Amino acid sequence: MFCGRPAAGMMSTKAFTLVSAVEPELLMGDKERVNIECVECCGKNLYVGTSDGFICHFLLEERTLPAGTATFTATKQLHKHLGFKKPVSELRAASALNRLLVLCDNSITLVNMLSLEPVPSGARIKGALALALNENPVSADPFCVEVCIISVKRRTIQVFMVYEDRVQIVREVSTPEQPLAVAVDGHFLCLALTTQYIILNYNTGASQDLFPYCSEEKHPIVKRIGRQEFLLAGPGGLGMFATVAGISQRAPVRWSENVLGAAVCFPYVIALDQEFITVHSMLDQQQKQTLPFKEGHILQDFEGRVIVATSKGVYILVPLPLEKQIQDLLASRRVEEALVLAKGARRNIPKEKFQVMYRRILQQAGFIQFAQLQFLEAKELFRSGQLDVRELISLYPFLLPTCSSFTRSHPPLHEYADLNQLTQGDQEKMAKCKRFLMSYLNEVRSTEVANGYKEDIDTALLKLYAEADHDSLLDLLVTENSCLLTDSAAWLEKHKKYFALGLLYHYNNQDAAAVQLWVDIVNGDVEDSTRADLYEYIVDFLTYSSDQELVWKYAGWVLQKSEEVGVQVFTKRPLDEQQENSFNPDDILSCLQKYPKALVKYLEHLVIDRRLQKEEYHTHLAVLYLDAVLQHRASTSDKGSEVTETQAKLRRLLQKSDLYRVHFLMERVQGAGLPMESAILHGKLEEHQKALHILVHELRDFSGAQDYCLWRSEGRDPPYRQHLFHTLLAMYLSPGPSTPELAMAAVDLLNQHATEFDAAQVLQLLPGTWSVQLLCPFLTGTMRDSVHTRRTAQVAVGLAKSENLIYKYDKMKLKGSSVRLSDKKLCYMCQNPFREPVFVRYPNGGLVHTHCAASGHANPSAPSPGTRT
């Protein structure tokens, strides 16, 4: 069918590679008589119309191989029969409407691009032989497309507006001869009639003859290739270019006589005949490549993608990367040619003049690429050309600050008034342009490009983020920025970005306005769903705010919303601020009187977290705990022993704190049915007998009694600890009706804490009926402790004797050596001579006066010759 090898004798340039897109087996299956009649491509969607009235929808996936060549994989999505027995003649996609225009049996049907179902309204255009979409529409309505058809009525062209579910005829034009092919640009129709090509302005009726041809001998080709320019199949095998003014701004390219189709992939013109695909340059009109391709009958380009087809298969001409492509001069959008020519002229132009000229060319080229939505190329050209970024911002209405003094370059760098004109109202293109500007401004705002324009750049970026509901809006506002307050605030309010507006106020040191706005959001006075946790955010903001007046103003509000969370504005303040006591705890306690839960949390913060040693705080917290416990007991019928969280906190506080008023709390606890708390308070008063009596006889909590002894003896000397344990043991063994329970508790106490007792005293207290086996752990532990104590003492005595012996040896050595003293000998410390035969000698041999040695011993900082002997 085809191969990628150029024909012999042709130009060696390889501009395209022919790649299979849809294999015949995937399209036809086992239907050998079914042929491809037409194709349409829109993005990744490929549609094929067949001779038996079917539309097939494929999804094209492009993949680049390691060698750099591209391959396509087609996945069949759906196929749909139109209900006609005739072939599908033409397909045209209107992506803005999500509609596919299908010409079959002289009728244009609107179908959904995905489901291929006709629109529910049944809208269609009847009596059509061919159709063309106006890619330069007259209407500014982005939700309709303009369609021009060749009517079945003789010598008639009709223009329709096509909407999602309806069609509307807007013009019917008569032609001198029967039209065979049509292309449209704005108000201009380029028509192939029976004997000639003409340009017809359907708005004014004016027509312009182009050149004759014979329709009986040649297949007519009419194709729009750009703004107000068409490509035609002329006489003598020429591909002719014509503008709407009826002139040609390009030299023709030479084709074969029997060209079936043509397409443009700038800067190339591609033609299809019965045996070959030929590629010509539009710049120098030379043939660059020839690809053998037999049985082809369709050649079309779709947004830069060139598709060819036989009756059985679909193929794509993939353009190879263009490294040194020559484009037209900037005025005619021949960008690369202008750049190449400018580079070539560098040696003939003074350096400074060339740099100015070349920067301007780069900037103009950047705007041309930008207008074609080639954003990566545009960005590089803007950077290379050192574009004043405000030139780009000014294309977008209302983005520059109202106070900006910027005026556009003169002469202008482009021909567009604003983005609306550039995109012709296409909302999708406009959104892409805005996304590009967001990305570009974000990249340049921290570079030298932004010097002097930071306010304009950041304000424009904020407006774009707010309009697009972009996540980066908040990132911009919480970092260093130069957004102008007046412009930015109005824009954020317009787009209901109230949380972001609060951040803007905060950045401009207007915290009161920021917090009030956030409070209004939480209260529902204004709507903004940016943060679901805005209340917690306000609490956190106030926590770290150094404005005491602001914190006091909203403290009541945050506490009313949630006492537990709101109190964090006082309890989680920065540590350095707490140490400075910028907020008086007594003032805070007065504020929290109306909020009992918050009051408890704050007192816990003072007593437990900050460990403030103030009796009022400790007593107050204990009283609040006690009130809560009593209230809980009064409200529940269960008077069991289950300990609530508050009661556990009360017990911990009573045990660990030594600052609360014990007698005051004792009066509150007595008679309240809180024996454990009473026992703790008795322990604080050193009333161990009463405390242990409660634990042993009232609560029967023997392990608690042991813990009590350990708690009260913590940090005390061993006799005090031993006294507590003997007191507990005596209570277990006290005269009176004895119970097995108390006896077992006494046994457990002895066996578990054998080292805490004086064994001799214990043996005198124990009943004679107890067996040795019962007390075996106690006796073993006591013996082991006694032996350990004795052996430790023996070791200590031995070590002391050894140390004494060492000292005696050193003394004998010192006594055995002589010391020479004369009136010329100087004191080691004061450097004065000795007047008397009295001195102190150090181990290193230094001699000092006795009074010098005494003063040196009293003053550690004085120089010392060594350890004194």
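This talk goes through one predicted model, taking a strand, its cysteines, its salt bridges and one glutamine in turn.

I will start with strand β11, which covers residues 145-151. How many of its residues are buried? Seven of the seven are, so β11 is largely enclosed by the rest of the structure. In a regular strand, side chains alternate between the two faces of the sheet. In β11, V145, V147, I149 and S151 point one way, while E146, C148 and I150 point the other way. The residues on both sides are buried.

Next, the partners of this strand. Strand β10, residues 128-133, runs antiparallel to β11, and five bridges join the two. Within that pairing, L131 stands opposite I149. Strand β12, residues 156-162, is also antiparallel to β11, with six bridges between them. Here V147 has F160 as its bridge partner. The hairpin of β11 and β12 has four residues between the strands, and R155 in this hairpin takes a positive phi near 55°.

One residue of β11 deserves a separate look, and that is E146. E146 is buried but has no salt bridge. Where is the nearest side chain of opposite charge? It belongs to R171, 10 Å away. A salt bridge needs the nitrogen and the carboxyl oxygen within 4 Å. What the side chain of E146 does reach is the backbone nitrogen of V138, at 2.6 Å. Beyond its close sequence neighbours, E146 is in contact with several residues, among them P137, V138, F160 and Y202.

Now the cysteines. A disulfide is a covalent bond between the sulfur atoms of two cysteines. How many disulfides does this model have? The count is zero. For C190, the nearest cysteine sulfur is that of C148, 11 Å away. For C433, the nearest is that of C42, at 18 Å. The cut-off for a disulfide is 2.5 Å between the sulfurs. C190 counts as buried because its relative accessibility is 0%. C433 is buried too, also with a relative accessible area of 0%.

On to salt bridges. Side chains of opposite charge can pair when their charged atoms come close. The structure holds 31 salt bridges, and I will show three.

The first on my list joins D105 and K86, with the closest N and O atoms 3.5 Å apart. D105 is in the loop between β7 and β8, K86 is in the loop between β5 and β6, and the two are 19 residues apart. D105 is partly exposed, at 34% relative accessibility. K86 is partly exposed as well, at 43%.

Next come D185 and R224, whose closest N and O atoms are 2.3 Å apart. D185 sits in strand β14 and R224 in strand β18, 39 residues apart. Both D185 and R224 are buried. Together with E135, they are linked in a network of salt bridges.

The last pair is R712 and E686, which meet at 3.0 Å, N to O. R712 lies in helix α25 and E686 in the loop between α23 and α24, so this pair ties together parts that are 26 residues apart in sequence. Is each partner buried or partly exposed? R712 is buried, at 11%, whereas E686 is partly exposed, at 37%.

I will end with Q287, in strand β25, residues 287-292. Q287 counts as buried because its relative accessibility is 19%, and the cut-off for buried is under 20%. The side chain of Q287 makes a polar contact with the side chain of T290, at 2.5 Å. Between Q287 and P740 there are 117 Å in space, C-alpha to C-alpha, and the two are 453 residues apart in sequence.

Technical notes:
Residues are numbered from 1 along each chain as its sequence is written. This is a predicted model: local features need pLDDT of at least 70, side-chain atom pairs count only at pLDDT 80 or more; totals for chains, interfaces and linings use all residues. Side-chain values use heavy atoms; hydrogens and water are left out. Buried means under 20% relative accessible area, exposed over 50%, partly exposed in between (1.4 Å probe, protein chains only). Two strands pair if DSSP finds at least two bridges between them. Lys and Arg count as positive and Asp and Glu as negative; His and the chain ends are not counted. A polar contact is a pair of N or O atoms within 3.5 Å; within protein, one must be able to donate a hydrogen and the other to accept it, and residues adjacent in sequence count only if both atoms are side-chain atoms. Contact means heavy atoms within 4.5 Å. Lists of a residue's contacts leave out its neighbours within four places in sequence.
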